[in-house]
Amino acid sequence: MAWALKLPLADEVIESGLVQDFDASLSGIGQELGAGAYSMSDVLALPIFKQEESSLPPDNENKILPFQYVLCAATSPAVKLHDETLTYLNQGQSYEIRMLDNRKLGELPEINGKLVKSIFRVVFHDRRLQYTEHQQLEGWRWNRPGDRILDIDIPMSVGIIDPRANPTQLNTVEFLWDPAKRTSVFIQVHCISTEFTMRKHGGEKGVPFRVQIDTFKENENGEYTEHLHSASCQIKVFKPKGADRKQKTDREKMEKRTPHEKEKYQPSYETTILTECSPWPEITYVNNSPSPGFNSSHSSFSLGEGNGSPNHQPEPPPPVTDNLLPTTTPQEAQQWLHRNRFSTFTRLFTNFSGADLLKLTRDDVIQICGPADGIRLFNALKGRMVRPRLTIYVCQESLQLREQQQQQQQQQQKHEDGDSNGTFFVYHAIYLEELTAVELTEKIAQLFSISPCQISQIYKQGPTGIHVLISDEMIQNFQEEACFILDTMKAETNDSYHIILK
């Protein structure tokens, strides 16, 4: 049986009257402010609507936000409702960041009783500065030798284990911590926002930074590489006590505004909650292992009389190329960008594979990266090599070659067609950039996998068979693609040899 609740007549009348009063109260909204002053975006930005929006289920219901980070510094009251919070910090002052375990019961049981690793970074908020982050930080290092951008105040911190600061990464610190125990880390930011602004007439406006925290758990190999959570907040850093004065100034400005204007701004909160963000791309460091294609076991090259045939000369190691391929994965593309000095753009191209990057036109790359870096990146993507200043070809002379030449002359006398039985000379290309005798010595030594110290002098055979010492000026006057036969002569004093170019 279906039950229906029926209101008495009197209740129906009361309800009808309430509806009419409510409609009447809404009918005047926007009229006092004028047609242009009413904006639905302002209404949707009110805290009540923000709370409703945040309570909606996320796109990925299985998404786990296991941690919460709270910066113990007040947010600015001069931030509009729909904008991100902004927090003012004093240069060099210690500020606490509380690391809170926000897991629900049964979530991520694999980290129970184990440590996690968090990496703190201070990075640029503006995308324009993100493009040139490496140059900006190098300039700061030059002006402030020996200083760091970010430090941990270890005596004041609680619960952190094995804190580290890489000397080459001035804006990064890291440590281990146990989510089950109370953990608070005190950070110090030593750069100020106005150090990265262009000096203009009438004062300077400091650039905003971001404090970003990335947390990882341990993998099967004991390395902290499995990402758990990332969050960040926007800050500005002032000279000592400058943040307090700026906070006071913002408060006074807000007090002078009308109640209606105040409604468009966020209230100032005593602490700053870092909001979830994408993880910061990790830098892949190049190890000291030999590059692919490099043969560490060099074949010996005899520089005495009776040299080996060119057919048995060791081939030079192939040049190590680092061209981007269409089959390159997004992770490998990130590593390629780091290796080729495009670290500032890794975040922009996070999900780009090799095929995606190679599809970009010259105009696309310049629009994304700017004229200077855009042209450099485009040339790197196309694998364009720098043309050498001078190219010469050399071949090693040997007794066997001389014998083959004699046989060839005898056969030419017997056969009018001049058949040489397939005998030919093997030449190697040498590319010179500096056009110096030292460079030529190193290139010849590299070509035959010997030490440059084994080459005492290099001569060029001149008129009537004289030996002319090779100088920088002589090399600069070599003809392009000139061919030479290399002959050797043992030095008189030591175990080294003279090279003669014929």
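**Exercise 1.** Which kind of contact do the side chains of glutamate 96 and arginine 98 form? Find it, then sort both residues by exposure.

*Solution.* This model is predicted.
- Step 1. Glutamate 96 and arginine 98 meet through their side chains in a salt bridge, with 3.5 Å from N to O.
- Step 2. That distance passes, because a salt bridge needs the nitrogen within 4 Å of the carboxyl oxygen.
- Step 3. Glutamate 96 has a relative accessible area of 13%, so this residue is buried.
- Step 4. Arginine 98 reaches 39%, so this residue is partly exposed.
- Step 5. In general, side chains of opposite charge can pair when their charged atoms come close.

**Exercise 2.** Inspect two further salt bridges, then look for a network.

*Solution.*
- Step 1. The structure holds 16 salt bridges.
- Step 2. One of them joins the side chains of arginine 103 and aspartate 101, at 2.9 Å from N to O. Aspartate 101 is partly exposed, at 33% relative accessible area.
- Step 3. Another joins aspartate 250 and lysine 246, at 3.6 Å from N to O.
- Step 4. Locate aspartate 250 and lysine 246: both sit in helix H6 (residues 242–256). They are four residues apart, so about one helical turn separates them.
- Step 5. Check exposure. Aspartate 250 is buried, at 3% relative accessibility, whereas lysine 246 is partly exposed, at 27%.
- Step 6. Now the network: Glu110, Lys217 and Glu226 are joined into one by salt bridges that share partners.

**Exercise 3.** Classify two aromatic pairs by the angle between their planes.

*Solution.*
- Step 1. There are nine aromatic pairs in the structure.
- Step 2. Take phenylalanine 349 and phenylalanine 352. Their ring centres lie 5.1 Å apart and their planes stand at 80°, so the pair is edge-to-face.
- Step 3. Phenylalanine 349 is buried, at 2% relative accessibility. Phenylalanine 352 is partly exposed, at 26%.
- Step 4. Next, phenylalanine 478 and phenylalanine 484. Here the centres are 5.2 Å apart, with 40° between the planes, and the pair is tilted.
- Step 5. Phenylalanine 478 is buried, with 11% relative accessible area. Phenylalanine 484 is buried too, at 6%.
- Step 6. Ring pairs also link Phe124, Phe196 and Phe209 into a cluster.

**Exercise 4.** In what order do the strands of the five-stranded open sheet run, and which strands stand at the edges?

*Solution.*
- Step 1. The order is E5-E8-E3-E1-E11, with antiparallel pairing.
- Step 2. The edges are strand E5 (150–152) and strand E11 (272–273). Each has a single partner strand, so one side of each lacks a neighbour in the sheet.
- Step 3. Zoom in on one edge. Strand E1 (residues 67–71) pairs with E11 over two bridges, in the antiparallel sense.
- Step 4. Valine 70 stands opposite isoleucine 273 in E11.

**Exercise 5.** Describe the nonpolar cores, and list the contacts of valine 185.

*Solution.*
- Step 1. The largest nonpolar core has 41 residues. Leu71, Ile97, Met99, Phe120, Val185 and Phe209 touch the most other members.
- Step 2. Strand E10 (residues 224–238) gives the most to this core: five residues.
- Step 3. Leave out residues up to four places away in sequence. Valine 185 then touches Tyr95, Glu96, Ile97, Met99, Phe120, Ile152, Ser157, Ile160 and Phe175.
- Step 4. A second, separate core has 23 residues, among them Val394, Ala437, Ala445 and Phe478.
- Step 5. As a general rule, nonpolar side chains tend to be buried together in soluble globular proteins.

Note on methods: Residues are numbered from 1 along each chain as its sequence is written. This is a predicted model: local features need pLDDT of at least 70, side-chain atom pairs count only at pLDDT 80 or more; totals for chains, interfaces and linings use all residues. Side-chain values use heavy atoms; hydrogens and water are left out. Buried means under 20% relative accessible area, exposed over 50%, partly exposed in between (1.4 Å probe, protein chains only). Rings of Phe, Tyr and Trp (its six-membered ring) pair if their centres lie within 6.5 Å; planes under 30 degrees apart count as stacked, over 60 as edge-to-face and the rest as tilted. Two strands pair if DSSP finds at least two bridges between them. A nonpolar core is a set of buried Ala, Val, Leu, Ile, Met, Phe, Trp, Tyr and Cys residues joined through side-chain atoms within 4.5 Å. Contact means heavy atoms within 4.5 Å.
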